Amino acid sequence: QVQLVESGGGLAQAGDSLRLSCAATGGSFSMKAMGWFRQAPGNEREFVAAISTNGGTTAYADSVKGRVTISRDNAKNTAYLQMNSLKPEDTAVYYCAARTTISRSTVYRTQNDYVYWGQGTQVTVSS
């Protein structure tokens with residue numbers, strides 16, 4: 001059974017940086033495409049970033065492009081989301097997601113593409 005555990009969320013001020021981590025257990029991490037999503041109060045969950053199994057392909061939502069970097073360390077079974085220049089509108093619960101794939105370069109942008117989800121970590125950015 002695959003389990004995903006996010007960490008690294010917390011309180012930040014506008015302009016600060018945070019790095020979220022997503023530790024995976026169960027299954028083969030190197031065969032899992034990873035994604036990050038977020039959900040703000042009253043809003044639907046939305047795509048933030050995605051990364052292919054080998055880390056060579058990434059994708060970002062327009063709202064975070066240039067401020068956020070997704071990465072992974074397959075040796076540590078962990079994916080990361082580095083967030084810089086945080087804004088109050090980045091306030092949300094951040095979820096990591098995973099799906100098994102044989103593709104080494106495909107990224108997935110929609111929630112329905114993913115099978116496994118973490119419990120989420122809260123990020124709150126004050127102005």
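## Exercises on a predicted model

The largest nonpolar core of this predicted model has 37 residues, and those with the most contacts inside it are Leu4, Met34, Trp36, Leu81, Met83 and Tyr94.

**Exercise 1.** Determine which strands each supply at least two residues of this core, and then list what Leu81 is in contact with outside its neighbours within four places in sequence.

*Solution.* Begin with the strands: S3 (18-25), S4 (32-39), S5 (46-51), S6 (58-60), S7 (68-73), S8 (78-83), S9 (92-100) and S11 (121-126) each supply at least two core residues. Turn next to Leu81, which, once those sequence neighbours are left aside, is in contact with Leu18, Arg19, Leu20, Trp36, Val48, Ala49, Val68, Thr69, Ile70 and Tyr94.

**Exercise 2.** Work out the strand order of the four-stranded open sheet, and find the bridge partner of Leu4 in S3.

*Solution.* The order is S1-S3-S8-S7, with antiparallel pairing. The edge strands, each of which pairs on one side only, are S1 (3-7) and S7, and the twist from one strand to the next averages 15°. Looking then at S1 and S3, one finds five bridges in the antiparallel sense, and the partner of Leu4 in S3 is Ala24.

**Exercise 3.** Decide whether Ala14 is buried, partly exposed or exposed, and describe its surroundings.

*Solution.* Ala14 lies in the loop between strand S2 (10-13) and S3. Its relative accessibility is 41%, so Ala14 counts as partly exposed. Beyond its neighbours within four places in sequence, Ala14 is in contact with Leu86, Pro88, Val125, Ser126 and Ser127. Finally, Ala14 and Asp90 are 76 residues apart in sequence, while their C-alpha atoms are 9.4 Å apart in space.

Terms used
Residues are numbered from 1 along each chain as its sequence is written. This is a predicted model: local features need pLDDT of at least 70, side-chain atom pairs count only at pLDDT 80 or more; totals for chains, interfaces and linings use all residues. Side-chain values use heavy atoms; hydrogens and water are left out. A nonpolar core is a set of buried Ala, Val, Leu, Ile, Met, Phe, Trp, Tyr and Cys residues joined through side-chain atoms within 4.5 Å. Buried means under 20% relative accessible area, exposed over 50%, partly exposed in between (1.4 Å probe, protein chains only). Contact means heavy atoms within 4.5 Å. Two strands pair if DSSP finds at least two bridges between them. Axes are lines fitted to C-alpha atoms, for helices over the stretch in contact, and angles run from 0 to 180 degrees between N-to-C directions.
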